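I opened a fresh page in the notebook for this one. Here is what I looked up, entry by entry.

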Amino acid sequence: MGRVEDKVCLVTGGGSGLGRADAIALAKEGAKVVITDIDKENGEDAAHAAGNGAIFLEHDVAEEDQWQLVIKQTLGHFDELNVVVNNAGMFIPGSVEEVTWDQYRTHQRIHMDGAFFGIKYGIETIKANGKMGAIVNIASTTALLGYHTSFAYGACKGAIRTMTSHAAIHCQQLRYNIRVNCIFPSVIQTPLIEKLYADAAAAAEARGVERPAPLPPEQRIPSPGLGEPMDVGYAVLFLASDEAKFINGAELRVDNGSVINPAAL
Ligand SMILES: NC(=O)c1ccc[n+]([C@@H]2O[C@H](COP(=O)([O-])OP(=O)(O)OC[C@H]3O[C@@H](n4cnc5c(N)ncnc54)[C@H](O)[C@@H]3O)[C@@H](O)[C@H]2O)c1
């Protein structure tokens with residue numbers, strides 16, 4: 001109990017999936033959580049589920065003025081900010097040949113612009129209170145491996161990985177006492193993944209593609225399986241806490257080893 005006692009933690013995209021799990025994990029260990037999301041209904045529900053006085057703020061992470069407002073509202077409610085979890089995201093499958101400019105820009109705005117604003121305003125606000133702070137960025141294993149269907153998404157997650165390193169060293173050089181780390185989940189069971197699988201199945205059916213017969217057990221490669229949102233929630237909790245005080249610029253895979261055994265994906 002109390003691993004992040006009284007830390008004010010802002011979680012973007014906290015209304016669903018991983019963000020909701022992060023918010024619940026943080027609140028359970030004493031954090032005062034600010035859940036932000038474009039989805040008001042889910043966001044309010046997640047704040048209720050997290051408890052410990054968690055609040056919800058409507059917020060589009062791609063809009064700079066909304067970041068400025070959310071920071072102001074957070075300081076107005078909780079007086080300070082200690083942790084930002086840059087989690088909000090979306091995914092439209094597509095190879096480099098399939099992806100449209102519009103889809104590519106949408107990924108960039110939500111993932112890259114969103115993380116940029118979260119890191120920039122996070123550092124500016126956290127450093128003002130002089131206490132130990134943390135920024136946790138949610139990337140993806142698509143930042144580390146090539147995938148046929150994830151061009152725009154993977155490009156943005158790769159950028160988030162690099163933003164993490166540069167921001168981490170910036171904070172270390174200027175002795176800000178703010179750590180910036182990055183998490184790389186593989187496939188975690190959330191609404192984003194459920195929609196992806198449903199869309200892929202519908203597209204395959206529409207094309208008349210038959211599913212291949214399953215391999216006999218002795219020929220199967222052990223699968224890393226699907227993770228649960230709380231698998232990421234606990235990793236966020238650790239990196240947000242002072243237990244991780246000497247961990248800065250780290251890249252933590254939450255993938256049950258899928259990246260070191262890509263054939264099993
Ligand atoms: N689920 C996975 O397997 C997986 C794997 C790797 C990385 N991720 C990343 O984890 C993060 C969360 O994904 P998830 O699986 O929980 O998805 P999800 O769809 O369950 O939740 C995403 C949340 O982000 C919110 N959101 C979308 N656009 C937003 C915007 N512009 N501003 C604010 N909020 C916005 C949505 O409303 C939703 O509540 C994403 O960054 C995603 O890329 C997920």
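**Entry: Val96**

Where does Val96 lie? I found Val96 in the loop between β4 and α4 (101-127). I kept in mind throughout that this is a predicted model. Is Val96 buried or exposed? With a relative accessible area of 51%, Val96 is exposed; the cut-off for that word is over 50%. I then checked Val96 against Thr149, 53 residues apart along the chain, and found their C-alpha atoms separated by 7.9 Å.

**Entry: the sheet**

In what order do the strands of the sheet run? I read the order as β3-β2-β1-β4-β5-β6-β7, seven strands in an open sheet with parallel pairing. At the edges I found β3 (55-58) and β7 (251-254). Each of these two has a single partner strand, so one side of each is left without a neighbour in the sheet. I also looked up the twist: on average, neighbouring strands of this sheet are turned by 20° against each other, direction ignored. Next I asked which strands helix α5 touches. Helix α5 (residues 151-173) packs on the sheet and touches β5 (133-138), β6 (178-185) and β7. The direction of α5 makes about 160° with that of β6.

**Entry: strand β1**

I went on to β1 and its two neighbours. β1 is joined by five bridges to strand β2 (residues 32-37), and the two run parallel. In that pairing I noted Thr12 opposite Thr36 in β2. With strand β4 (residues 83-86), β1 shares three bridges, again running parallel. Here Val11 stands opposite Val85 in β4.

Why call β1 largely enclosed by the rest of the structure? Because five of the five residues of β1 (residues 8-12) are buried. I sorted the side chains by direction: Val8, Leu10 and Thr12 point one way from β1, while Cys9 and Val11 point the other way. Both groups are buried. The pattern is the familiar one: in a regular strand the side chains alternate between the two faces of the sheet.

**Entry: helix α1**

I followed the chain from β1 into helix α1 (residues 17-28) and on to β2, which together make a right-handed β-α-β unit. How many residues does α1 have, and how far does it reach? There are twelve residues in α1, and from its first C-alpha to its last α1 reaches 17 Å, close to the 16 Å expected at 1.5 Å a residue. I marked α1 as mostly covered, since nine of its twelve residues are buried. Among the buried ones in α1 are Gly17, Leu18, Asp22 and Leu26. Just after α1, I saw that Gly30 takes a positive phi of about 95°.

**Entry: the cysteines**

How many disulfides are there? I counted zero disulfides. I took Cys156 as my test case. The sulfur of Cys156 is 13 Å from the closest cysteine sulfur, in Cys182, too far for a bond, because a disulfide would need the two sulfur atoms within 2.5 Å. From the other end the reading agrees: Cys182 is in no disulfide, and the nearest cysteine sulfur to its own is that of Cys156. I looked up burial as well. Cys156 is buried, with a relative accessible area of 1%, and Cys182 is buried too, at 0%.

**Entry: positive phi without glycine**

I wanted to see where Arg175 and Asn256 sit, as neither is a glycine and both have a positive phi. For Arg175, phi is about 55°, and the residue is found in the loop between α5 and β6. At 67% relative accessibility, Arg175 counts as exposed. For Asn256, phi is about 50°, and the residue is in the segment after β7. Asn256 is exposed as well, with a relative accessible area of 62%.

**Entry: Glu63**

My last stop was Glu63, in the loop between β3 and α3 (64-78). Glu63 is partly exposed, with a relative accessible area of 28%. Which residues is Glu63 in contact with, leaving aside its neighbours within four places in sequence? I found Arg109 and Phe117. I also checked Glu63 against Leu10, 53 residues apart along the chain: their C-alpha atoms are separated by 16 Å.

Notes. Residues numbered from 1 in each chain as written. Predicted model: local features only at pLDDT ≥ 70, side-chain atom pairs only at ≥ 80, totals over all residues. Heavy atoms only, no water. Buried < 20%, exposed > 50% of the residue type's maximum accessible area, 1.4 Å probe, protein only. Helix = DSSP H or I, 4+ residues; strand = E, 2+ residues; numbered from the N terminus. Pairing = 2+ DSSP bridges. Right-handed = clockwise from strand over helix to strand, strands pointing away. Axes fitted to C-alpha atoms, helices over the stretch in contact; angles between N-to-C directions. Contact = heavy atoms within 4.5 Å. Expected span 1.5 Å × (residues − 1).
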